[in-house]
Amino acid sequence: MSVSADEARVAQLRAEFSRDWDMVCQHLAHARSVEPSASRASAALVALSFDHAYQAMETLLVRIERALGLPERTVSAWHRAILADAVQPLPGVRGLV
């Protein structure tokens, strides 16, 4: 059974999206595994885990935009813009968040 170039690209993108999402989930799980009020070090670990989860989510969103052929963001606040755009309503898919 042969696989077309498009099918191979879709499979690659799905694997990349899955890895990105797994990273988000792993960092959030790491944050949940620590009681931030236990110590300053615990609070710092939770904060760092949230930061890594946020970066992983940005990576996923950028990868999705590239896969859709959208132009690369060049504004200085691109990280805010990508999250704002990610919650826009899509008719028939999702309403307002």
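The following conversation asks how the descriptions of this predicted model are reached.

Reader: What kind of model is this, and how are its residues numbered?

Author: This is a predicted model, in which local features need pLDDT of at least 70 and side-chain atom pairs count only at pLDDT 80 or more, while totals for chains, interfaces and linings use all residues. Residues are numbered from 1 along each chain as its sequence is written, and side-chain values use heavy atoms, with hydrogens and water left out.

Reader: How do you know what confidence the predictor has in the protein chain?

Author: The score to look at is pLDDT, the predictor's confidence in each residue on a scale from 0 to 100. The protein chain averages a pLDDT of 89, and 98% of the residues score at least 70. Confidence is highest in helix H1 (residues 5–32), at a mean of 94, and lowest in helix H3 (residues 78–86), at 83. The score deserves attention because predicted coordinates should not be read in detail where pLDDT is low.

Reader: What makes a stretch of the chain a helix or a strand, and how many of each are there?

Author: Both are DSSP runs, numbered from the N terminus: a helix is a run of H or I with at least four residues, and a strand is a run of E with at least two. By that definition the protein chain has 3 helices and 0 strands, which gives the pattern α-α-α when it is read along the sequence.

Reader: Why is the protein chain called more spread out than a compact globule?

Author: The radius of gyration is taken over C-alpha atoms, and the globule rule is 2.2 Å times the number of residues to the power 0.38. For 97 residues the rule gives 13 Å, whereas the radius of gyration of the protein chain is 17 Å, well over that value, so the chain is more spread out than a compact globule. Along the principal axes, its C-alpha atoms fill a box of roughly 55 × 35 × 30 Å.

Reader: Why is Val24 called buried?

Author: A residue is buried when its relative accessible area is under 20%, exposed when it is over 50%, and partly exposed in between, using a 1.4 Å probe and protein chains only. Val24 has 4% relative accessibility, so it counts as buried. Of the 97 residues of the protein chain, 19% count as buried.

Reader: What does Val24 touch?

Author: Val24 has its place in helix H1, and, not counting residues up to four places away in sequence, it touches Ala53, Ala56 and Met57, where contact means heavy atoms within 4.5 Å. Val24 and His52 are 28 residues apart in sequence, yet their C-alpha atoms are 7.6 Å apart in space.

Reader: Is Glu16, which carries a negative side chain, buried or exposed, and why?

Author: Glu16, in helix H1, has a relative accessible area of 12%, and therefore it is buried. Leaving out residues up to four places away in sequence, Glu16 touches Arg9 and Arg63.

Reader: Why are Pro36 and Pro71 described in separate words?

Author: Pro36, in the loop between H1 and helix H2 (40–67), has 37% relative accessibility and so counts as partly exposed. Pro71, in the loop between H2 and H3, has a relative accessible area of 67% and is therefore exposed. With neighbours within four places in sequence set aside, Pro36 is in contact with Ser42, Ala43 and Val46.

Reader: How do you know that Ile82 is buried, and what does it touch?

Author: Ile82 is found in helix H3, and its relative accessibility is 2%, so it counts as buried. Apart from residues up to four places away in sequence, Ile82 touches Glu58, Leu61, Val62, Glu65 and Arg73. The C-alpha atoms of Ile82 and Glu65, which are 17 residues apart along the chain, are separated by 9.1 Å.

Reader: Why is Glu65 called buried?

Author: Glu65, which is found in helix H2, has 13% relative accessibility and therefore counts as buried. Besides Ile82, the residues that Glu65 touches include Leu70 and Arg73, when those up to four places away in sequence are not counted.
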